[in-house]
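Let's take a walk through this protein together, beginning on the inside and finishing with its charged pairs. Keep the 3D view open as you read.

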Amino acid sequence: NSYRNRSIDSLDKFLTNVPGSENFSSFLDIGAGDTHDMEHFKSLHPHYDVKGIDFFLEDWEYTDDLIKMDWYKIGQSLPQKDVIYINHSLEHSANIYKLMEAVVKCHTKGGVLFIAVPDGNSPFGYSITSSTTHFSVLTEGFLNTTLQRFGYNVAVEKREFREGSPELWAFAIKQS
């Protein structure tokens, strides 16, 4: 579980440095899957309203906290969230810009966004050719530019999360 907890732990560390984050109370995991990350975040922040959405897989048991929903409709269907977490889901979106439009609509000003994706400049990032569920190959420049266009102050870090599998982690704050 330490491998699976690292991204939430890094997000938590980032949150401690975000002005006003002590007033945050809501968390949304887009592409939540099996709810592990949601549960780990909730263990660190029990006062948060923690929700997850997923529509891609049919294998999960949906509950009040894990909702089956079209990702692109979150801006119309959900109240605004303070922290939005997209861990290895963005590359599965057939339309990243449409998803980001939805994210912006349901994200509070000053809120935090965390995104983790395979590094598109590595062989691991090009697994789109071997995965029928990956629609995009994402690079550091693409993440920076896209998030800035959607009103985020962003920093992208390269991480080797698993040996031989470099990733990009974007830590962003919604400016507008």
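Start by selecting I115 in this predicted model. Leaving aside residues up to four places away in sequence, I115 touches I86, L90, L143, L147, L168, W169 and A170. I115 belongs to the largest nonpolar core, which has 30 residues. Along with I115, the members that touch the most other members are I30, I74, L90, V103, L113 and L147. In soluble globular proteins, nonpolar side chains tend to be buried together.

Which elements build this core by supplying at least two residues each? They are β1 (26-30), β4 (81-87), α4 (96-105), β5 (107-118), α5 (140-149), β6 (152-162) and β7 (165-174). Helix α4 gives the most, with five residues. Apart from this core lies another one, of 20 residues, and F41, L66, V112 and A116 are among them.

Now turn to the charged side chains. The whole structure holds five salt bridges, and three of them are worth a visit here.

The pair of K81 and D49 comes up first on our tour, with closest N and O atoms 3.5 Å apart. K81 sits in strand β4 and D49 in strand β2 (residues 49-54), so to speak two distant parts of the chain, 32 residues apart, linked by this pair. Is K81 buried or exposed? Its relative accessibility is 3%, and because buried means under 20%, K81 counts as buried. Its partner D49 is partly exposed, at a relative accessible area of 33%.

Strand β2 also carries K51, which forms a salt bridge with D65 in the loop between β2 and β3 (66-68). Here the closest N and O atoms are 3.2 Å apart, and the two residues are 14 residues apart in the chain. K51 counts as buried, since its relative accessibility of 18% falls under the 20% cut-off. D65, with a relative accessible area of 38%, is partly exposed.

For the next pair, look at K158 and E140, whose closest N and O atoms are 3.9 Å apart. K158 lies in strand β6 and E140 in helix α5, so this salt bridge ties together parts that are 18 residues apart in sequence. K158 is exposed, with a relative accessible area of 51%, while E140 counts as partly exposed at 28% relative accessibility.

One last thing to look for: which residues do salt bridges with shared partners join into one network? They are D49, K51, D65 and K81.

Notes: Residues numbered from 1 in each chain as written. Predicted model: local features only at pLDDT ≥ 70, side-chain atom pairs only at ≥ 80, totals over all residues. Heavy atoms only, no water. Core = buried A, V, L, I, M, F, W, Y, C linked by side-chain atoms within 4.5 Å. Buried < 20%, exposed > 50% of the residue type's maximum accessible area, 1.4 Å probe, protein only. Helix = DSSP H or I, 4+ residues; strand = E, 2+ residues; numbered from the N terminus. Contact = heavy atoms within 4.5 Å. Salt bridge = Lys/Arg side-chain N within 4 Å of Asp/Glu carboxyl O.
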